[in-house]
Amino acid sequence: MTGGALDAIVWRGYNLRTMSHDRRTFLKTLTLGGVALFTDDWFKLVAETKEASQGKQLPVHPAAVYGKGCQELNAFWSAGEGYALYLNGTPYDEPPTRTYRQKLEADGDDHVIEALEQLGQGKYEALDDVEQLDEEAEGGKDEETWREFIGRKAPSLLETLEYIESEGLPTGSWMLDEDIDSERDEAFVTDWCRRNAPEAAASVFLSGLIQGLRSDREEIRLADAIEAEGLRFVDGACPGNDTLVCAYANDYDTLAALQRILGARGHNCRVIILQANPADIAPAGD
């Protein structure tokens, strides 16, 4: 069966209270290690759990065991996109902050730290901020500025201070241990979003699951089915913005199938619905 045919199956069953007949028929043909995953009992359990919880909980297969160190694959409904997936995190997780000192150390700019720490002490004790370079130097020649004084006494230090001045780096040692505003640390934030954010971690985890299945000739069909069944991977929110790396699941039934496969593959990972699709919630009085 081609990817296009599988996609057609997905969309015929998308957002429906009950899984479409074609979708059920196809899933019944899939096995893992020769064992059928999607049996009549499984379909019944999915339908009953979905109705009883109004799409807020997934069925737990009797053979599934979630022990110590269990990971959480959290699903959060996003209108128009499907369920956004987050590994061991939520949509509200923010990138960590770091100090100017940490950024400079990571960039290999230890000489900047050393230069700033020389200010406010020794022969520069009256100078504690690079912004004072053009003020009159204490202890210098008549009307000599700090820029002129340091240039005469320590040219290499002046070169570093002027580098700090031109690059918009922290101007005094007192700023070194302050947190950097995320807008001034864009590369760090982008790297975190692409590598360490819960949504990026979920994308890597699920890509690995699919690749692992495709490495086994007997399970290639199942791997293709998982992706076509309703998983979508995104790398970059839009042209010019590559911060978003994530995976979406189309609907409740996709999440249920994914949970079944994770359990069958021995992954100690529980799929949890944080926010359900409103279409799965019965109106009051139903």
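**Exercise 1. Find the aromatic residues that group together, then classify two ring pairs.**

Phe38, Trp42 and Phe43 make up one aromatic cluster. The model is predicted: local features need pLDDT of at least 70, side-chain atom pairs count only at pLDDT 80 or more, and totals for chains, interfaces and linings use all residues. Residues are numbered from 1 along each chain as its sequence is written, and side-chain values use heavy atoms, with hydrogens and water left out.

Step 1. Set the criteria. Rings of Phe, Tyr and Trp (its six-membered ring) pair if their centres lie within 6.5 Å; planes under 30 degrees apart are stacked, over 60 edge-to-face, and the rest tilted.

Step 2. Search the whole structure. Six aromatic pairs turn up.

Step 3. Take Trp77 and Tyr83. Their centres are 4.9 Å apart and their planes stand at 70°, an edge-to-face pair.

Step 4. Check burial (buried: under 20% relative accessible area; exposed: over 50%; partly exposed: in between; 1.4 Å probe, protein chains only). Trp77 is buried at 10%. Tyr83 is buried too, at 0%.

Step 5. Take Trp146 and Phe149. The centres are 5.8 Å apart and the planes lie at 80°, so this pair is edge-to-face. Both residues sit in helix α6 (residues 146-153), three residues apart, about one turn of the helix. Both are buried.

**Exercise 2. Describe how helices α9 and α11 pack.**

Step 1. Locate the helices (DSSP runs of H or I, at least four residues, numbered from the N terminus). The axes of α9 (residues 198-214) and α11 (residues 252-264) come within 12 Å and cross at roughly 60°. Axes are lines fitted to C-alpha atoms over the stretch in contact, with angles from 0 to 180 degrees between N-to-C directions.

Step 2. Give the hand. The crossing of α9 and α11 is left-handed: the near helix is turned anticlockwise from the far one by less than a right angle.

Step 3. List the contact residues (heavy atoms within 4.5 Å). Helix α9 supplies Phe205, Leu206, Leu209 and Leu213, and α11 supplies Leu258, Ile261 and Leu262.

**Exercise 3. Place Arg221 and Thr190 in their surroundings.**

Step 1. Start with Arg221, in helix α10 (residues 220-230). Arg221 is partly exposed, at 44% relative accessible area.

Step 2. Find its partners. Beyond neighbours within four places in sequence, Arg221 contacts Phe26, Thr29 and Leu30. The C-alpha atoms of Arg221 and Leu30 are 7.5 Å apart, with their positions 191 residues apart along the chain.

Step 3. Turn to Thr190, in helix α8 (residues 186-195). Thr190 is buried, at 17%. Residues up to four places away aside, Thr190 touches Asp242 and Thr243.

Note on methods:
Helices (H or I, at least four residues) and strands (E, at least two) are DSSP runs, numbered from the N terminus.
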